[in-house]
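Here's a quick look at how two parts of one protein sit against each other. Have the model open while you read.

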Amino acid sequence: MTRVIRVLIADDHAIVRTGLSQLLGTADDIELVGAAGDGAEAATMAAELRPDVVLMDLSMPGTDGISATERIVAASPEVHVLVLTSFSDQARILDALQAGAEGYLLKHSEPEVILAGIREIVSGGSPLDPKAARVLLTNRRSPGPETKLTDREQEVLDMVGAGLPNKTIARRLGISERTVKAHLTNVYQRLGVTDRTQAALWAQRQQRDN
């Protein structure tokens with residue numbers, strides 16, 4: 001039996017909430033459990049409803065999406081936050097990922113891309129809009145002492161290069177899968193890559209060069 005993914009929408013525009021609600025209603029494996037109009041309401045509803053995924057807008061009155069993401073991740077680590085916004089500037093992307101979001105999509109994405117992103121994030125992936133990925137690549141800093149990987153990040157990268165999944169990496173290092181994902185997010189930013197495959201290839205090239 002297919003698992004049903006429970007989703008909470010957080011967006012201050014009623015028309016967007018309605019449109020997303022209708023979109024989610026077209027998927028047999030996705031269930032809408034609630035819709036919040038601002039970040040504070042989203043954090044409260046996430047704590048009460050414990051959805052699998054929160055579709056999070058960033059620009060909202062009062063508590064914005066970044067702060068709401070931090071609150072949700074801190075209170076309910078099992079909840080996956082997928083940003084769905086109109087903004088693709090580097091600062092917002094990095095702030096969202098550092099706050100604990102595991103994916104970043106733009107509102108102009110095709111409907112099937114949004115649905116695929118929801119499914120991907122609960123399967124351990126990190127959906128990233130191509131435009132957002134290009135922003136990260138274009139604006140990444142030149143390598144230097146401040147971008148050197150930490151020992152733990154290097155350990156995670158080496159295991160990714162060896163083809164190990166997050167669950168195995170977490171077990172071997174004695175950390176949670178969410179912590180593994182957080183390390184990978186930092187690794188992607190520092191290496192200037194956008195996904196697990198590119199990071200693995202980078203690690204394999206590094207090992208050959210050494």
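How many salt bridges are there between domain 1 and domain 2? The count is 2, where a salt bridge means a side-chain nitrogen of Lys or Arg within 4 Å of a carboxyl oxygen of Asp or Glu. Glu-102 and Lys-181 pair up this way through their side chains, at 2.9 Å from N to O.

Some ground rules: this is a predicted model, in which local features need pLDDT of at least 70 and side-chain atom pairs count only at pLDDT 80 or more, while totals for chains, interfaces and linings use all residues. Residues are numbered from 1 along each chain as its sequence is written, and side-chain values use heavy atoms, with hydrogens and water left out.

The bounds below come from an automatic or database domain assignment.

| Domain | Residues | Residues in contact with the other domain (heavy atoms within 4.5 Å) |
|---|---|---|
| Domain 1 | 5–141 | 17 residues |
| Domain 2 | 151–207 | 9 residues |

Taken over C-alpha atoms, the domain centres are 23 Å apart. Between them, domain 1 and domain 2 bury about 970 Å², with 52% of that on carbon and sulfur atoms; buried area here is the accessible area (1.4 Å probe) that two parts lose on being put together, summed over both.

What does domain 1 bring to the side that touches domain 2? Helix 4 (90–99) and helix 6 (130–139) each supply at least two residues, helices being DSSP runs of H or I with at least four residues, numbered from the N terminus. Helix 4 gives the largest share, 3 residues.
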